[in-house]
Amino acid sequence: MKNKSLWSSTQSLMVVIHYTDLEALNEYRRALDKILDDSQVKKLTIIVTLPKDVNKDTLPPHFLIYYNSPNDYTFMGKLKDVLLQRELEKSFDMLLWVGSLEQKVYQEIKSCSFKHKVVVNDVDNGFFDLELKSKDENAFTLLDFVVGTLDKIELI
């Protein structure tokens, strides 16, 4: 009997991406739709980290997306977004973080429960189980590379 891969055993997934512009965000949404259509993932949460100068009220709402801005934190660093805080209290099979870890939400996510944690295109100090590097910034190519790699890792 064939063992299950890291990707095929993932039923709940949290993805963190950094916002650069609306076109790139929409490309990530389409790329995620594509990879998730053929997956076992039943629960998806997407956190989009925003630069301070982007007003999240101007971005298109989506029931799976939580926009996170530096303005979402108190002076003492406490998260003010109650809905995101509730989501971070849940457990997930996998965390897929794409891009720089230098985001305020990183500290909040470190307290979450994940079976597996993967960071793409940044270096970690030990929180993540796997670090992947991709030269391609295109969302479709990058996510295909990540899924292809995770599908080759068999769980024992």
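A salt bridge is a side-chain nitrogen of Lys or Arg within 4 Å of a carboxyl oxygen of Asp or Glu. That cut-off matters for the view of Glu-27 below. All views show a predicted model.

**Figure 1. Glu-27, a buried acid without a salt bridge.** Glu-27 sits in helix 1, which covers residues 22-37. The side chain is buried. The nearest side chain of opposite charge belongs to Arg-30, 4.8 Å away. A salt bridge needs a nitrogen within 4 Å of a carboxyl oxygen, so Glu-27 is left without one. Beyond residues up to four places away in sequence, Glu-27 touches Asn-138, Ala-139 and Phe-140. Of these, Ala-139 falls in helix 4 (139-152).

**Figure 2. Asn-121, a non-glycine residue with positive phi.** The phi angle of Asn-121 is about 70°. Asn-121 belongs to the loop that links strand 5 (113-120) to strand 6 (130-132). Is Asn-121 buried or partly exposed? Its relative accessibility is 23%, so Asn-121 counts as partly exposed. Buried would require under 20%. Ser-134 is in contact with Asn-121.

**Figure 3. Ser-134, in the loop before helix 4.** Ser-134 lies between strand 6 and helix 4 (139-152). Relative accessibility here is 14%, so Ser-134 counts as buried. Which residues does Ser-134 contact, leaving aside neighbours within four places in sequence? They are Asn-121, Leu-142 and Phe-145. Asn-121 comes from the loop between strand 5 and strand 6. Ser-134 and Ile-156 are 22 residues apart in sequence. Their C-alpha atoms are 26 Å apart in space.

**Figure 4. The whole chain, as the setting for the close-ups.** Four helices and six strands make up the secondary structure. Their order along the sequence is β-α-β-β-α-β-α-β-β-α. The radius of gyration is 15 Å, close to the 15 Å from the globule rule for 156 residues, so the chain is as compact as a globular protein of that length. The C-alpha trace spans about 55 × 30 × 30 Å along its principal axes. Buried residues account for 47% of the 156. Among contacts between residues at least 6 apart in sequence, 52% join residues at least 24 apart.

**Figure 5. Surface and charge of the chain.** The chain exposes about 8,900 Å². Carbon and sulfur atoms supply 51% of that area. The side chains include 20 positive and 24 negative ones. The centres of the two sets lie 5 Å apart.

Conventions: Residues are numbered from 1 along each chain as its sequence is written. This is a predicted model: local features need pLDDT of at least 70, side-chain atom pairs count only at pLDDT 80 or more; totals for chains, interfaces and linings use all residues. Side-chain values use heavy atoms; hydrogens and water are left out. Helices (H or I, at least four residues) and strands (E, at least two) are DSSP runs, numbered from the N terminus. The radius of gyration is taken over C-alpha atoms; the globule rule is 2.2 Å times the number of residues to the power 0.38. Buried means under 20% relative accessible area, exposed over 50%, partly exposed in between (1.4 Å probe, protein chains only). Contact means heavy atoms within 4.5 Å. Accessible areas come from the Shrake-Rupley method with a 1.4 Å probe; for residues, only the protein chains shown count as cover. Lys and Arg count as positive and Asp and Glu as negative; His and the chain ends are not counted. The place of a charge is taken as NZ of Lys, CZ of Arg, CG of Asp or CD of Glu.
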